Amino acid sequence: MGPSSAPYAALPHGADADPLAAVVRPQLRMMPLVVVLGMVAALLEGVGIGVLIPLLALLMADGAGTPLPGPMQQVAAFATALDPAHRAAAIGGFVLAIILIKSMVQAANNVLLVRIQARASRAILEAMAARLLALEYGSWLRNESSRAANAVRQSSWWAYEIVRAGLLMAQSGAGALVFGALLLWLDWRLSLVAGAGAIVVSLVLGMINALQRGQSKRLSDDAAAMTDRLTEIIDGGRVVRLFAQEEAEQARVRTLAGRTFAAYFRLNRQAGLVTPVFDLLVACLFVTLLLAAHALQVPLPQVSAFLILLVRGQPQVGQFVQARTTFAGQVGALGEVEWLLRQPVRPPVEAPVPLSGLPQPVRFDRVSFAYPDGTAGLRDASFTIAADGVTALVGPSGSGKSTLVNLLCGLVRPDSGTIRLGTVPIERIAPADRHAHVALAGQDMGLFTGTVADNIAYGRPGVDRAEINEAARAAGALPFIEALPQGLDSPVGEGGRNLSGGQRQRIGLARALLLKPDLLILDEATNAVDALTEREIMTLLHERRFFRAALVISHRPSTLAACENALVLDGGRVVEAGPLRETAYFAGMGGGMAA
Ligand code: ADP
């Protein structure tokens, strides 16, 4: 089972305690093989080198019973059985063959390791994407989107590095164990000395690691604050220039960068210490071993074999130590990935009721909603939106219009009360079903990288050209689209940056009209510069070819004149609902409406 078969939201139930492990674990099934191959490679290398010394000693003494100690006698016995004329060639060939096999095993293991890492990394990325797509809209309301972006952009790469470090630890740790065993087999007393030395080395390195863990968390926090500000400078580029705050922004970034890179320097200064300290400690260990060998009167071939094995085993230990340092140094970044994977997701719709259309009105019954910070968005609101005709949604800024729209589109759920589309409570309607009936167009709706046609067809991928054209025409987008070099196939640039605000609005409107929704929500409230022209709106609202009912957020008297009903909000409460011309709101702006 590949990572792509991971389910929606990609985490097994109850995996919230350790979400990253839950994602990565299934990808690590081959990890025991990494360990085994690591051991085999080390064993082959150790044997190849370990036997070389006694055999050479034997050759040089011309087979004349050199006093070989312990385990080496068996090897020597084997060699002396060989024909003396070919002995040197046979020994050389034997050792080379062993080293060749060892190299092949090691190469295979490296490939396996990279493969596991790639699969695990892919699983992490897919799990994050699944989480992002399943998140409650509340995450955006709590302004957590930049934190999520940071987790995806940076921390995920650190997560991949950590997976790699973990695998390298397994591989080199296994090799180091084998070398340890071979050393014991050669001479247990010298091994004890070496073991004691290794404990001292690991204690010193452990102290450095512990220091790093805290530093890495701090660095990750500082770096996040810095990228957040830079992202805001990009997004708010216009405001920064309009208010001539370049220098102030520069100063702010300088402070954040100073803090971040000081932390970065401290962390890497410690990491840079690891290798020299390690080398120094190993050198001390060697000298100690030589002195110990002298005191214990260990024969020279045995000491040589021991030291060579130790030298060859050291890179394994070194790699293990390095990988563990990476692990400790970057584990702080995992917190952000885990945070993302632990975010609450939308509960699935239980026993969804199919929605065949909206012949009846939309009804809000005593609906209340408060934002995560406690601010009331809508209070005890009861009203209906007619199944045919155009309803104006009006009220001062902050009166709850956007909140109402978010509730109506199912982006947020009411704290109390019920919303019915026709006869069906909104929470019983599957999102894919709802979106076919209720569509939103308006300000800040966002476009995706791709062509104009891709963006218009976003809600109905694969729809034919004729329909796209028709929707574009109704949205007043066709004239400028036809003037683009590649027409509908012109790229809109990242987030629609190649287009003007008004052009983006029109593409957004075409995207909503293409759904031929029962209820079209048109939010053209305040952004006068980028608004659709009056004529376009009027034609759309009068023709009503693309929708049955519309809910229009607008302050323009001309637009309001095209509405039959009105819903007037103030302070999150519905203050008036009914035929527009009977409302006090209408009377209040009478002069303008007549114009
Ligand atoms: P309108 O669209 O009419 O301008 P909104 O529905 O956006 O009004 O806002 C209604 C109330 O909810 C206001 O008091 C506003 O400050 C508050 N509000 C809106 N969005 C949020 C949010 N993400 N977090 C907290 N309060 C919010």
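Q: Happy to start with the ligand in this predicted model. What is the distance from an oxygen atom of the ligand to an N or O atom in the side chain of Thr-403?

A: A good way in is to look for pairs of N or O atoms within 3.5 Å. Here, an N or O atom in the Thr-403 side chain sits 2.5 Å from a ligand oxygen atom. For Ser-402, a polar side-chain atom is likewise found 2.5 Å from an oxygen atom of the ligand. Lys-401 takes part too, with a side-chain N or O atom 2.9 Å from a ligand oxygen.

Q: How much of the ligand's accessible area does the protein cover?

A: Compare the ligand on its own with the ligand in place. On its own it has 560 Å² of accessible area, and the protein covers 69% of that.

Q: Which elements give two or more residues to the shell around the ligand?

A: Those are strand 2 (376-385) and helix 11 (401-408). Helix 11 provides the largest share, 3 residues. The shell has 14 residues, and the ones that come nearest are Gly-398, Gly-400, Lys-401, Ser-402 and Thr-403. By class, the shell holds 8 polar, 4 nonpolar and 2 charged residues.

Q: Now the helices: at what angle do the axes of helix 6 and helix 10 cross?

A: Angles over 145 degrees count as roughly antiparallel. The axes of helix 6 (residues 145-186) and helix 10 (residues 300-341) cross at roughly 160° and come within 6 Å, so helix 6 is roughly antiparallel to helix 10. Their crossing is left-handed.

Q: Which classes of residue make up the contact of helix 6 with helix 10?

A: Sorting by class gives 28 nonpolar, 13 polar and 5 charged residues in that contact.

Technical notes:
Residues numbered from 1 in each chain as written. Predicted model: local features only at pLDDT ≥ 70, side-chain atom pairs only at ≥ 80, totals over all residues. Heavy atoms only, no water. Near = heavy atom within 4 Å. Polar contact = N/O pair within 3.5 Å; in protein donor to acceptor, adjacent residues only side chain to side chain. Areas by Shrake-Rupley, 256 points an atom, 1.4 Å probe, with all protein chains shown as cover. Helix = DSSP H or I, 4+ residues; strand = E, 2+ residues; numbered from the N terminus. Nonpolar A, V, L, I, M, F, W, Y, C, P; charged D, E, K, R; others polar. Axes fitted to C-alpha atoms, helices over the stretch in contact; angles between N-to-C directions. Parallel < 35°, antiparallel > 145°, perpendicular 65-115°, else oblique. Left-handed = near helix turned anticlockwise from the far one by under 90°.
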